[in-house]
Amino acid sequence: MNGATDALRRFFGFEEFLDHQKMVIDRILNGEDLCVVMPTGAGKSLCYQLPVLMKPGYALVVSPLIALMYDQVMALRKRGIPAAFINSSITFNEQIAAADAAARGEVKLLYVAPERLQTEFFSRFISNTPPQMLVVDEAHCISEWGHDFRPSYRRIGEVASHSGIRQVCAFTATATPAVCHDIKKQLQRDDMQLLVAGFKRPNLSFKVVKCEGGKDAKLKELRKILKDGDKPTLIYAATRQAVDELSALPGVTGYHAGMSMEARNAAQEYFMKDPAPVLAATNAFGMGIDRPDVRRVIHYQLSGSLEAYYQEAGRAGRDGESAECILLFNYADVFIHKFLIEMNNPPPEVIRAVYRELYYRTQEKNAPGALEVTAAELKDEIPGAKSDGQISAALGILEKLGCIRRSAKKSGMGFLRFTGDPDRLRILHQDEKTQRSRFIHRVIGHYGRTVSREFEVAVDALAEIAGLNSDQVKRVINALNGDCLEWHTGFAGRAVELTDPALRMPELDDRELSYHLDYELSRLDDMINYAGSRRCRQVELIGYFGEKSDSWQCGCCDRCAGSDSKADLPGVKAEDIRIALRSADLLNGRVGIGKLGQILSGSRNASIIAGNWHHNGCFGTLRHLKSATVEKLLRRLVDSGDLERIDRNGYPCIKISASGREKLQK
C-alpha cells in the first residue's frame, strides 16, 4: 500500500517506516482492534497517528500524563498536524473549544486524560460526536496486573461501548500476555488482536553476575566494572538508602525521589550533559530521559519484575551501538522485594481497619467534606499495621474499589502572615541586598497589603515570586518566623473522602486480594528465574512479553558467549566475511559493532532511519543472515584482530585493522 508511505512523507517527512510500523499501520487502516506491545523507541505513536490522518474524522487518545500529552501535541503541531489536548491544565472554556474544533474536523488527534471521560460534558460530547478511533496509550494502566495501574482507566471500555466507537486500539511498551488479556477484557473488545514486536535488541549484551558475598561482593564487582573505561552509565538500585550508599563512591552521583527538586534537576542535567556520567538511581529516574548513548545499565539490586527490568535495562544503547546490561545478583535481594510486595499488598484486616477508622473520623467530624489525615496518623490507630507505606497501599486499594476519593497531593503548603506594616517593610527592603530582603520586598509587592491576613500558599510559589529556590525560601522563612512574619505548615498529603459516608464497611474479596499478592510474588519469581536461566538472556526476555523468538539468539549475552564462542557461525561463508570487512573499511570507523550489524542486516529501527544509513551502499548486504549471526560475526572479527575498536569523540566505534585489510586484498 503506497498510500501509507506517501502519507508518511507528507505528514512526517520520513522516507521509510521503522521495523514493524507498516504491519501495525496496515492493520489499523483495515479497521482492526489491536493491542500493540512495542518497546520504547520503536515508534508506537506514529502507528496510530498516521492512520488517523489518512481517514476522515478524529481520534481520541487517552494518555495518563499531562506532561507527556503536552509534548506529543506540541510535536505534532510543529509538523503542521492539527492536535489538541483536554486535561486539568486548561480552563473549561479551553476544553470546550478543543472539543468543538474536533467536532468541526479542525483537530485530528485529541489527547485526553482518562479522568475527563467521566465528566458529564465529555460524555455528552463523544456521544454526539464519536471519534473514528479510540486509542489507549500506556494501556498497561488499564490492568490491575500491570505495573502502573490507574483506577480512572477502568471505565474506558464502558465509555467506548456506550458511545458507539467502532475501533479501539491499545498501545503499551511493557505488558505480558496476561496483562494484554486483561486489557482486552477491560476494553470489552472480544475481537481485539495482540501484536508484539520489536523486543529483540541484538546490540545489547545482557549479563548476570552472581555476588555471593553480599554487599561487599557487589561493591567490589561494581568498582571493577566502573574501572573499565569512561562510559555513560546508569546504576539502578531498589531503595533510596542503596542509592545514597552508591553515591558516596568516587565519581558516582545519586538520584531519588527523596532528594530536593534542585538536587534532582542538577543530577538530571549532569546525566544528560556530562560526556561520561555515572548515575545511581531508583526507578524514579528514567521517564522522559532520552540519552541515546548510554553504554551501560547496571542493576545493583534485583528488579521486582521482568517488565521493570527490561524497561530500565532497555535505556542502554538506544543509538544502536553496543551496550551492556549487567545484573548484580545476590539472593538476599529477593527478601527486599518480598518485603516491598507485602507492604504494597496489606492483609484484608488492615484494609478493613483503615476504612473503619476513616468512617469513625467522618462521623465524629459530623460535616461533609474530605478528611485531612496522613498515612502516618492512621498507622497509629491500626493494629497490625507495619508501616506508613502499608497504610498508603490500603488507601490505594480502597480508592480502586471506589470506596474513597483522594485529592491530589499537597506538599510544601503553609499559612503565611506578615506581622509588620507591609508598606514599611517593602520600603525597608527595597534594595534586595540579601535573600531575606528580596523575599520580603517581592512577596509583599506581589500580594500587596493582603499579606497582613493569613493566607495559604506553597513554598514553590513563594520561590518563584522571590526568584529563589525552595530550599532558600525555607531557610528565609525559618529565620524570619516570629520576627516580621508568622508561618506554620499546612496539611501535607492527600485528603480522603468516603464516597458513601453512610456505608459502615465495604465488601472485600479476600480471595482476590490474596491472588493479587500471589501474582506479585510470581512476577518476582520470574525475575529470579531469569537470573538463573541457562538460555539466551534475550530469548528469555522477549518470550516473557509474548514475542516469538523461533531459533533466534542474541549471540552476545553471557549465556550465548559462554555456550558457542568456539562454534562455527551457521550459514556464514568466506564472502560474508569479506563483505563485513569491506563495509567496515568503507565506513572508516564511523560506527560501532551494533550499528554496523544493523546496517549489514538491513534493520529499519529508529537510529538507522534517523541517520540515513538505509541509503548507504552497505545497507542490507548481509540480510540473508540472521541479525544475531551478523553481530556475532563482527565480534569474532574483533576478537581475531581483523577489526579493531577505536574511540571517536567519546563513541565506541570499529574500523578495519592492518591484518583485516591484508585478508581483504588476498
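Me: How far apart are the end C-alpha atoms of helix 21, which covers residues 510-532?

Reply: This is a predicted model, in which local features need pLDDT of at least 70, side-chain atom pairs count only at pLDDT 80 or more, and totals for chains, interfaces and linings use all residues. Residues are numbered from 1 along each chain as its sequence is written, while side-chain values use heavy atoms, with hydrogens and water left out. Helices (DSSP runs of H or I, at least four residues) and strands (runs of E, at least two) are numbered from the N terminus, and the expected span of a helix is 1.5 Å times one less than its number of residues. Helix 21 has 23 residues and so should span 33 Å, which agrees with the distance between its end C-alpha atoms, 33 Å.

Me: Which residue caps the N-terminal end of helix 21?

Reply: The cap is a polar contact (a pair of N or O atoms within 3.5 Å; within protein, one must be able to donate a hydrogen and the other to accept it, and residues adjacent in sequence count only if both atoms are side-chain atoms). A side-chain oxygen lies 3.1 Å from the backbone nitrogen of arginine 511, and that oxygen belongs to aspartate 509.

Me: Are the buried residues of helix 7 on the same side or on opposite sides of the helix?

Reply: Buried means under 20% relative accessible area, exposed over 50% and partly exposed in between (1.4 Å probe, protein chains only), and in helix 7 (residues 156-163) Ile156, Gly157, Val159, Ala160 and Ser163 are buried. Because they cover an arc (that of the directions from the helix axis to the C-beta atoms) of only 160 degrees around the axis, they lie on the same side.

Me: Which cysteine has the sulfur closest to that of cysteine 536?

Reply: A disulfide is a pair of cysteine sulfur atoms within 2.5 Å, and a search of the whole structure finds 0 of them. Cysteine 536 is buried, with a relative accessible area of 3%. Its sulfur is 3.6 Å from the closest cysteine sulfur, which is too far for a bond, and that sulfur is in cysteine 554.

Me: Which helix gives the most residues to the largest nonpolar core?

Reply: A nonpolar core is a set of buried Ala, Val, Leu, Ile, Met, Phe, Trp, Tyr and Cys residues joined through side-chain atoms within 4.5 Å. The largest has 82 residues, and those with the most contacts inside it are Leu110 and Phe122. With 6 residues, the element that gives the most to this core is helix 21.
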